[in-house]
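Work through the exercises below with the sequence and the structure open. Try each task before reading its solution.

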Amino acid sequence: MLGRSLLKFKQNKCKEHPDENYSLICLEVECEERGIICAECQIIKHEDHLVKPLTLALKEISDDLQPMPHLLQTMAKIDVLYAKFYTLLGRLGRNMKAIEEELNKFFRNIHDRIRNYKAACSKILDEGTLNA
Ligand SMILES: [Zn+2]
Ligand SMILES: [Zn+2]
């Protein structure tokens, strides 16, 4: 059921560019129009954005929806890594504030990207269902 609505969705034309099919997904955190876009949209509005082919994103979504989401596993791995770094910093016992802040920024960024990715995915699924 889900697969069919996604397939139908994939064949949809871009609302702004009726000659183009939706073929990409913008995952840029800062992008106000992130979500599904066409090749034309990418050139005009999403040039330097983090963009993925829609087919690949759809595949990842359906892979993720079936068993245990990869994303959750990735996040768990990141947390373990983070804990290790933290222990290491503690052992060094010096003023490592700068490094600590860098690490915090790095991990926050990854978490944001994952959250953003999930939001974009569920947006696609919502819209896909509406169009089905
Ligand atoms: Zn477009
Ligand atoms: Zn964008």
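The exercises cover confidence, chain layout, strand pairing, one cysteine and the nonpolar core of a predicted model.

**Exercise 1. Confidence**

Task: Find which helix has the lowest confidence and which has the highest.

Solution:
- Step 1. Begin with the whole chain: the mean pLDDT is 71, and 55% of the residues reach at least 70.
- Step 2. Go to the elements. Confidence is lowest in helix α1 (residues 2-10), with a mean of 48, and highest in α2, with a mean of 94.
- Step 3. Look at the start of the chain. Over residues 1-7 pLDDT stays under 50, and the model gives this stretch 7 contacts beyond four places in sequence.

**Exercise 2. Layout of the chain**

Task: State how many helices and strands the chain has, and give their pattern along the sequence.

Solution:
- Step 1. Count the elements: 5 helices and 3 strands.
- Step 2. Read along the sequence to get α-β-β-α-β-α-α-α.
- Step 3. Add the contacts. Among those with a separation of 6 or more, 53% link residues 24 or more positions apart.

**Exercise 3. Strand pairing**

Task: Determine which strands pair with β1 and whether they run parallel or antiparallel to it.

Solution:
- Step 1. Take β1 (residues 22-26) with β2 (residues 35-38): they are antiparallel and joined by 4 bridges. In this pair, L24 faces I37 of β2.
- Step 2. Take β1 with β3 (residues 51-53): this pairing is also antiparallel, over 3 bridges. Here I25 is opposite K52 of β3.
- Step 3. Combine the two: β1 pairs with β2 and with β3.

**Exercise 4. The setting of C41**

Task: Decide why C41 counts as buried or exposed, and list its contacts beyond four places in sequence.

Solution:
- Step 1. Place the residue: C41 belongs to helix α2 (residues 39-45).
- Step 2. Apply the cut-off of 20 or more other C-beta atoms within 10 Å. C41 has 22, so C41 is buried. Across the 132 residues of the chain, 15% count as buried.
- Step 3. List the contacts outside four places in sequence: C14, E16, H17 and H46.
- Step 4. Check C26, which is 15 residues from C41 along the chain; the two C-alpha atoms are 9.9 Å apart.

**Exercise 5. The nonpolar core**

Task: Identify which residues touch the most other members of the largest nonpolar core.

Solution:
- Step 1. The core has 14 residues, and L24, I25, I37 and L54 touch the most other members.
- Step 2. Trace the sources: β1, β2, α3 (54-65) and α5 (97-131) each contribute at least two residues to this core.
- Step 3. Set this beside the general rule: in soluble globular proteins, nonpolar side chains tend to be buried together.

Definitions and conventions:
Residues are numbered from 1 along each chain as its sequence is written. Chains are lettered from A and ligands numbered from 1 in the order in which they are written. This is a predicted model: local features need pLDDT of at least 70, side-chain atom pairs count only at pLDDT 80 or more; totals for chains, interfaces and linings use all residues. Two strands pair if DSSP finds at least two bridges between them. A residue is buried if 20 or more other C-beta atoms lie within 10 Å of its own, exposed if 12 or fewer, and partly exposed in between; C-beta atoms are placed from the backbone. Two residues are in contact if their C-beta atoms, placed from the backbone, lie within 7 Å. pLDDT is the predictor's confidence in each residue, from 0 to 100. A nonpolar core is a set of buried Ala, Val, Leu, Ile, Met, Phe, Trp, Tyr and Cys residues joined through C-beta atoms within 7 Å.
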